[in-house]
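Me: Please take me through this structure in short questions and answers. Start with the fold, then go to single residues.

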Amino acid sequence: VNAPLADRIAVVTGASSGIGAATARRLAADGARVALLARRVDRIKELAAEISGLAVEADVRLQDSVLAAARTVRGELGRPDLVVANAGVMLPAPFDTSDTAEWDQMISTNVNGLLYTSRAFADDLLAAAAEGRTADLVHVSSIGAHVVFANYGVYGATKAAVSHLSRILRAEFGPRGLRVHNLEPGLVTTELGDTMEDRGQFEALAEWRERNQSLPATDIADIIAFSTALPRRVNIADLVVLPTVQG
Ligand code: NDP
């Protein structure tokens with residue numbers, strides 16, 4: 001049996017669709033016990049049943065919700081040693097006409113949610129590392145963290161925050177044996193952006209994905225599984241993963 005992640009206890013936020021769902025599935029296939037966090041409970045329950053995982057309802061924008069989910073995970077599975085902070089929203093629009101409620105949604109999910117997630121599990125991850133076990137914190141950022149895309153101002157700013165936070169956490173946690181990975185995908189075909197208000201942007205995104213042969217979410221999941229299964233001395237620290245055609 002090929003089980004490079006046997007004995008690992010994983011948490012994936014945003015596991016109800018897209019990259020998170022694919023990652024949960026792949027980590028489980030590689031032998032990890034996986035907790036699936038998201039708001040759409042029906043979705044995570046269905047996937048948890050399929051992969052013998054644990055579905056935990058959580059809204060990452062709310063610190064109490066994340067802390068409660070972390071307690072549930074610890075109680076049901078034990079201390080996690082692999083956390084994928086993946087939950088995110090992307091709501092592009094021209095800066096001058098955008099609905100600022102969408103800014104708040106992106107900032108509270110992509111920045112605050114990722115901070116709350118990383119903090120809620122930091123003690124678990126550091127404890128695993130201190131015991132000499134492999135421990136991984138994966139931040140799902142975006143190519144938008146460092147490439148300029150018009151109309152993606154606030155989204156890009158949230159992802160730039162994620163990427164830079166990852167580097168700083170690496171400086172704090174690396175010496176303590178905890179790997180921090182910052183992953184910056186390019187175009188991936190998921191439900192991301194499905195709820196954006198600006199339908200013109202929505203059409204543009206669909207066309208952009210089509211033209212660039214946007215990746216299936218399983219490609220990103222494979223890379224997360226690969227990176228977290230490497231020997232603990234080596235860290236794929238910052239990784240940009242693009243469809244070849246996106247260039
Ligand atoms: P999806 O929309 O398919 O998935 C987003 C996930 O985030 C869902 O599971 C959703 O679950 C979850 N989520 C959103 N808000 C919250 C919240 N408040 N609390 C808990 N979970 C939440 O998109 P992707 O799979 O594409 O997105 C995953 C990550 O990948 C995001 O961070 C995104 O920015 C990043 N990314 C995606 C790219 C792409 O092209 N698709 C490119 C680069 C980065 P629910 O709604 O059930 O809570």
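Reply: What follows is a set of questions and answers on a predicted model.

Me: How many helices and strands are there in the protein chain?

Reply: The model is predicted, and the count covers its protein chain. The protein chain holds nine strands. Its helices number seven.

Me: Which radius of gyration does the protein chain have, and why does it agree with a compact globule?

Reply: The C-alpha atoms fill a box of roughly 50 × 35 × 35 Å along the principal axes. A compact globule with 247 residues would have a radius of gyration near 18 Å. The protein chain agrees with that, because its radius of gyration is 17 Å.

Me: What share of the contacts in the protein chain with a separation of 6 or more comes from residues 24 or more positions apart?

Reply: Take burial as background: of the 247 residues, 47% count as buried. For the contacts, the pool is those with a separation of 6 or more. Within that pool, residues 24 or more positions apart account for 69%.

Me: Which strands stand at the edges of the open sheet, and why is one side of each left without a neighbour?

Reply: Seven strands form the open sheet, in the order β3-β2-β1-β4-β5-β6-β9, with parallel pairing. A strand at the edge has a single partner strand, so one side is left without a neighbour in the sheet. The edge strands are β3 (54-57) and β9 (238-241).

Me: By what angle are neighbouring strands of this sheet turned against each other on average?

Reply: The sheet is the open one of seven strands. Direction is ignored for this average. The turn between neighbouring strands is 15°.

Me: Which residue is the bridge partner of A85 in β5?

Reply: Strand β4 (residues 82-85) and strand β5 (residues 136-140) run parallel. Four bridges join them. In β5, A85 has as its bridge partner H139.

Me: Which residues of β5 point the other way from D136, V138 and V140?

Reply: β5 is mostly covered, with five of its five residues buried. D136, V138 and V140 point one way, and they are buried. The residues that point the other way are also buried: L137 and H139.

Me: At what angle does α1 run to β1?

Reply: α1 lies across β1 (9-13), β2 (33-38), β4 and β5. The angle of α1 to β1 is about 170°.

Me: What angle does the direction of helix α3 make with that of β3?

Reply: Helix α3 (residues 63-77) packs on the sheet. The strands it touches are β1, β2 and β3. With the direction of β3, the angle is about 160°.

Me: Which element gives the most to the shell around the ligand?

Reply: The ligand is surrounded by 31 residues, and the closest are G14, G18, R39, R40 and G88. The elements that give two or more residues to this shell are α1 (18-29) and α4 (100-130). With three residues, the element that gives the most is α1.

Me: How many residues of the shell around the ligand are charged?

Reply: The shell divides into three classes. There are 14 nonpolar residues and 12 polar ones. The charged residues number five.

Me: Is A24 buried or exposed?

Reply: A24 sits in helix α1. Beyond its neighbours within four places in sequence, A24 contacts V12, A15, V34, L36, L47, I51 and G53. Inside 10 Å there are 32 C-beta neighbours, and 20 or more are needed for burial. A24 therefore counts as buried.

Me: Is D42 buried or exposed?

Reply: D42 lies in helix α2 (residues 41-51). Within 10 Å there are 9 other C-beta atoms, and the cut-off for this class is 12 or fewer. D42 is therefore exposed.

Me: Where is N151, and which burial class does it fall in?

Reply: N151 is in the loop between β5 and α5 (153-173). Its phi is near 80°, a positive value in a residue other than glycine. Because it has 18 C-beta neighbours inside 10 Å, N151 counts as partly exposed.

Me: What is phi of D7?

Reply: D7 lies in the segment before β1. D7 counts as exposed, because it has 11 C-beta neighbours inside 10 Å. Phi is positive here in a residue other than glycine, with a value near 75°.

Conventions: Residues numbered from 1 in each chain as written. Predicted model: local features only at pLDDT ≥ 70, side-chain atom pairs only at ≥ 80, totals over all residues. Near = placed C-beta within 6 Å. Nonpolar A, V, L, I, M, F, W, Y, C, P; charged D, E, K, R; others polar. Contact = placed C-beta atoms within 7 Å. Pairing = 2+ DSSP bridges. Axes fitted to C-alpha atoms, helices over the stretch in contact; angles between N-to-C directions. Rg over C-alpha atoms; globule rule 2.2 N^0.38 Å.
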